[in-house]
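Visitor: Could you take me through one part of this structure up close? I'm in my first year, so plain words are welcome.

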Amino acid sequence: MKLTRKMVLSRAKASELHSVRKLNCWGSRLTDISICREMPSLEVITLSVNSVSTLEPMSWCRQLSELYLRRNRIPSLAELFYLKDLPRLRVLWLAENPCCGPDPHLYRMTVLRALPHLQTLDNQTVTEEELSRALMEGEEITAPDRGGTGNGGPEPYTLSTMNATAETQGDLLSFSEEASSSAQGQLCLKPLARNRFLPFSQREAVKSHKNRNNVLAAILLLLQDLDTEALEAVHQTVVSRLQALHKQGLQEDME
């Protein structure tokens, strides 16, 4: 599926492409993002859970500071060539792409060698030590060999019926982490300190509460992209769920 002007303006709530600064296209079955060449003011874009196979259009977004690309079809780290001249790029999430390969360390070192100005890679803070090691342990990248336009590619990633629930829950958590990371970057916030000194039972309670809030935040963000028919379906599901929980509560009170 191609990212169109209409889709961009609708999601960004903008009137012109050149004025778009933030764009969320998470899980939109996209294969073609060539329209990004017409968005020079773009600062933050979420493209996770799509089928994007080239980063060439991003080379035109000179103001880009945050790029979320988890679970796409980026075939090779050579595609990072198109990000090397983006002076403001500080956050990149590239995990779960074919280009990551079987060696996590080599992957991270190669990315940091190519993009030494990154502050966060795959939701992990980049350290000075890593940047120094990347010069020796990372591989040098060259411009990718483009046999075609890069706008076609494989079929979009889809969720199978049997594992849809599990996949969706995992993606919602990752999506909410991306949203949280993006918000912290925009507000210049430091990540919250981990509760490593709490007793185990309290840490588990904090983790459970955090996961629930992550899922809730992701759902609320996704609702913004639904049309009337889809919202009606969500509403009916929520009403049924609330009725079931209310009935369960009454039964527990009677016991």
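**A close look around Tyr68**

Guide: Let's start with Tyr68, which counts as buried because its relative accessibility is 0%, and the cut-off for buried is under 20%. Keep in mind that this is a predicted model. Tyr68 sits in strand E3, which covers residues 66–68. Its side chain also has a partner: a polar contact of 2.6 Å links Tyr68 with the side chain of Glu66. Now look along the chain to Leu121. Tyr68 and Leu121 are 53 residues apart in the chain, and their C-alpha atoms are separated by 9.9 Å.

Leu121 brings us to strand E5, made of residues 120–121, where Thr120 has its place. Thr120 is buried too, since its relative accessible area is 17%. If you skip its neighbours within four places in sequence, Thr120 is in contact with Arg90, Val91, Leu92, Thr125 and Val126. Hold on to two of those names, Val91 and Leu92, as they come back in a moment.

Next, the nonpolar cores. The largest one has 45 residues, and those touching the most other members are Met58, Leu67, Leu80, Leu83 and Leu92. Helix H1 (5–12) and helix H2 (104–114) are the elements that give two or more residues to this core. H2 gives the most, with five residues. Take Met58 as a sample: leaving out neighbours within four places in sequence, Met58 is in contact with Ile33, Cys36, Leu42, Ile45, Leu64, Leu67, Leu83 and Leu86. There is also a second, separate core of five residues, and this is where Tyr68 belongs, along with Val44, Val91 and Trp93 among others. So Thr120 is in contact with Val91, a member of that second core, because the two have heavy atoms within 4.5 Å.

Just after E3 there's an odd bit of backbone. Arg71 is found in the loop between E3 and strand E4 (91–93). Arg71 isn't a glycine, yet it has a positive phi of about 55 degrees. That stands out because most residues other than glycine have a negative phi. Arg71 is buried, with a relative accessible area of 15%.

For a contrast, try Lys13, in the loop between H1 and strand E1 (22–24). Lys13 also has a positive phi of about 55 degrees without being a glycine. Here, though, the residue is exposed, as its relative accessible area is 68%.

Definitions and conventions: Residues are numbered from 1 along each chain as its sequence is written. This is a predicted model: local features need pLDDT of at least 70, side-chain atom pairs count only at pLDDT 80 or more; totals for chains, interfaces and linings use all residues. Side-chain values use heavy atoms; hydrogens and water are left out. Helices (H or I, at least four residues) and strands (E, at least two) are DSSP runs, numbered from the N terminus. Buried means under 20% relative accessible area, exposed over 50%, partly exposed in between (1.4 Å probe, protein chains only). A nonpolar core is a set of buried Ala, Val, Leu, Ile, Met, Phe, Trp, Tyr and Cys residues joined through side-chain atoms within 4.5 Å. A polar contact is a pair of N or O atoms within 3.5 Å; within protein, one must be able to donate a hydrogen and the other to accept it, and residues adjacent in sequence count only if both atoms are side-chain atoms.
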